[in-house]
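Colleague: Got a minute to walk me through this model? I'd like to start with how the helices pack.

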2 protein chains.
Amino acid sequence: MYNKKVIVTGCAGFIGSTLVDRLLKLNFYVVGIDNLTTGRLVFLKNPLKNKKFKFYKCDLLNFAEVNRIFKKSEMVFHFAANADVRYGHKHPRKDLEQNTIVTYNVLESMRKKGIKKIVFCSTGSVYGEPKIFPTSENNPFPIQTSFYGASKLAGESLIQAYSEAYDMKGWIFRFVSILGNRYSHGHVYDFCKQIINHPKYLNVLGNGNQKKSYLNVDDCIEAILVAIKKSNKKINIFNLGTDEYINVKQSINIICNLLKVKPKIYFLGGKRGWIGDSPFIFLNTKKIKSLKWKSKFTIKESIEKTVNYLMNNRWIFKKR
Amino acid sequence: MYNKKVIVTGCAGFIGSTLVDRLLKLNFYVVGIDNLTTGRLVFLKNPLKNKKFKFYKCDLLNFAEVNRIFKKSEMVFHFAANADVRYGHKHPRKDLEQNTIVTYNVLESMRKKGIKKIVFCSTGSVYGEPKIFPTSENNPFPIQTSFYGASKLAGESLIQAYSEAYDMKGWIFRFVSILGNRYSHGHVYDFCKQIINHPKYLNVLGNGNQKKSYLNVDDCIEAILVAIKKSNKKINIFNLGTDEYINVKQSINIICNLLKVKPKIYFLGGKRGWIGDSPFIFLNTKKIKSLKWKSKFTIKESIEKTVNYLMNNRWIFKKR
């Protein structure tokens, strides 16, 4: 497979750009697409100097554009998304467009150009508020609680229907929250931003007892590469996460200890941090581990790496 | 609830028009919407004479139009759909638009107008090709095999996210195939049409062993009315079907015996009738039966009623 051409959508994002770096190291030709609304060109600094990388600024919602850029390739890594799970209820159309209709546009362009394989970033949010922990891929039929989860499940479903109808194959990854270098939204980002702005106090959404699992971005990319190498069904679904979870209070402790600050903590209350927030996310990762992948970083290490990255890259907190 | 105003989308369709008749009998004010691509005004013959019924021809894909027509109401029965499961692979955009984006338009208009309750026709196809029979509502997380199922699951998911975010409530019904008066597409329709055109032979998709369950349209409407009366969670999901299933060969026998014809049968082969066809559909209906609903008609009776309707209404076979 190496030395072949692949397409990466969302190539300038946190996870997408990390994937691009890795794919270029593996000697792939990479066509990267991003609309640069949340992605950042600076994450592509090295790829843009590499002859094996070609970048297109493109809004994937524009089908004609996608169709123009897509050329026969080995595989599409469809990483472009509205990854902002928190504000879905403020603009429900955004998730529909960016996560469902865009996935349709990508699949339909793949069909037209004879591209047969797609790798899709989905989310543990598709389990809604599960009753079984750790939650496995064949958990009982879920009820969605967020626009993000709903739109990603619709994307998964489209990939499945396309694979059935047109002899395509799909690798679907349901992530916990991803941490690491280039991380630029989520609770660690928010807390670090607050600590920079006002080290004496910290406002925290929810009651601080929300339990979440986290995975380092390098572990995440490695898991994806292992899975596409070792699994080859029509549809291959994998949870990606670590074997542990922590609550928001523990997370705050790790951050504050590392930064040597002792802010007064104000919990804004409620079991959930926001509408559609799942109070407990902990995924069963037996399936991906059966392929001999395991995570290298603990959640504590991932948070610390992330905090160090953010503190050394404070430009990332600036309004764009 | 009676004497209140409700909105019925797809009001000129097979199931939608049967619902409208029933709702008017129950003394509701009914606002009916249909784009008349598969719906037929003749099904609304009686409602159109009723002062409590108001009809709008409208394509629900046009958000401004939907938003204009929707007024504060008790409930929306969202029955409009591309119900053509068989040809999804010929135009995948159609299911996305008609079943997913339209459902978004309906929900968003409901939100803007403060309408809090939605009843949604989903499908047993959302279970893909299940491994457990009869298949229950909390079946393991399915993999989609049809564009129809994928688009309906996306619709279900949107309803769930809206209900979570905006204090709405949803009743989601996963149907087996529905039979009865005004039935105008599906295998009984195809077989009757063939028998009228060439009584000596019958072409049958698949190997004739596909096993399916069926429900009479009056039983279906009754189940929906019982469920919305007796269940009141944020999200209420019910399978609707009978306690039996038959295979295509048995179905052919019932039809041929009733019509007293003995065509030569040509099976076109394969376990599935078409791409994405599920070879076995049989839903667990314990949940709806726990509300004291039960089906009045056997599958045999439903097929016979349907054949009699079709034979007495041959205009329904004419190209439109």
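Modeller: Sure. One definition to begin with: axes are lines fitted to C-alpha atoms, for helices over the stretch in contact, and angles run from 0 to 180 degrees between N-to-C directions. Keep in mind too that this is a predicted model.

Colleague: Okay. At what angle do α1 and α6 of chain A cross?

Modeller: Helix α1 (residues 14-25) of chain A and helix α6 (residues 217-230) of chain A cross at roughly 60°, and their axes come within 10 Å. Angles of 65 to 115 degrees would count as roughly perpendicular, so α1(A) is oblique to α6(A).

Colleague: Left-handed or right-handed crossing, α1(A) past α6(A)?

Modeller: α1(A) passes α6(A) in a right-handed crossing.

Colleague: And which residues of α1(A) and α6(A) meet there?

Modeller: From α1(A) you have A:F14, A:I15, A:T18, A:L19 and A:R22, and they meet A:V217, A:C220 and A:I221 of α6(A). By class, that contact has six nonpolar residues, one polar and one charged.

Colleague: Switching to the dimer side. How many residues of chain A touch chain B?

Modeller: 29 residues of chain A are in contact with 29 residues of chain B. On the chain A side, α3 (92-113) and α4 (147-166) are the elements that give two or more residues. α4(A) gives the most, with 10 residues.

Colleague: What's the nonpolar, polar and charged split on that side of chain A?

Modeller: The side of chain A that touches chain B has 16 nonpolar, 10 polar and three charged residues.

Colleague: How do α4(A) and α4 of chain B pack: parallel or antiparallel?

Modeller: The angle between α4(A) and helix α4 (residues 147-166) of chain B is about 175°, with the axes 9 Å apart. Angles over 145 count as roughly antiparallel, so that is what α4(A) is relative to α4(B).

Colleague: Which residues do α4(A) and α4(B) bring to it?

Modeller: On α4(A) it's A:F147, A:A150, A:L153, A:A154, A:S157, A:L158, A:Q160 and A:A161. They meet B:F147, B:A150, B:L153, B:A154, B:S157, B:L158, B:Q160 and B:A161 on α4(B). The contact of α4(A) with α4(B) has 12 nonpolar residues, four polar and no charged ones.

Colleague: What turn lays chain A on chain B?

Modeller: A turn of 180° with a shift of 0.0 Å along the axis, giving an RMSD of 0.0 Å. The two copies are therefore related as by a two-fold rotation axis. Both copies use the same surface, since 100% of the contact residues of chain A recur in chain B.

Colleague: New topic. What does the domain assignment give for chain A?

Modeller: Domain 1 is 5-178 + 215-240, and domain 2 is 183-213 + 244-281 + 296-317. The C-alpha centres of domain 1 and domain 2 of chain A lie 26 Å apart. Their contact takes 17 residues from domain 1 of chain A and 16 residues from domain 2 of chain A. The domain 1 side of that contact in chain A divides into four nonpolar, nine polar and four charged residues.

Colleague: Last one, backbone oddities. Where is the cis peptide bond in chain A?

Modeller: A cis peptide bond joins A:F133 and A:P134, with omega about -10°. A:P134 sits in the loop between β5 (117-123) and α4 of chain A. In chain B, the bond from B:F133 to B:P134 is cis as well, with omega near -15°.

Colleague: And what's phi at B:N27?

Modeller: Phi of B:N27 is near 80°, a positive value in a residue other than glycine. B:N27 lies in the loop between α1 (14-25) and β2 (29-34) of chain B. For context, most residues other than glycine have a negative phi, and most peptide bonds are trans.

Methods:
Residues are numbered from 1 along each chain as its sequence is written. Chains are lettered from A and ligands numbered from 1 in the order in which they are written. This is a predicted model: local features need pLDDT of at least 70, side-chain atom pairs count only at pLDDT 80 or more; totals for chains, interfaces and linings use all residues. Domain bounds come from an automatic or database domain assignment. Two residues are in contact if their C-beta atoms, placed from the backbone, lie within 7 Å. Ala, Val, Leu, Ile, Met, Phe, Trp, Tyr, Cys and Pro count as nonpolar, Asp, Glu, Lys and Arg as charged, and the others, Gly among them, as polar. Helices (H or I, at least four residues) and strands (E, at least two) are DSSP runs, numbered from the N terminus. Angles under 35 degrees count as roughly parallel, over 145 as roughly antiparallel, 65 to 115 as roughly perpendicular and the rest as oblique. A crossing is left-handed if the near helix is turned anticlockwise from the far one by less than a right angle, and right-handed if clockwise. Copies are superposed by least squares on the C-alpha atoms of residues with pLDDT of at least 70 in both.
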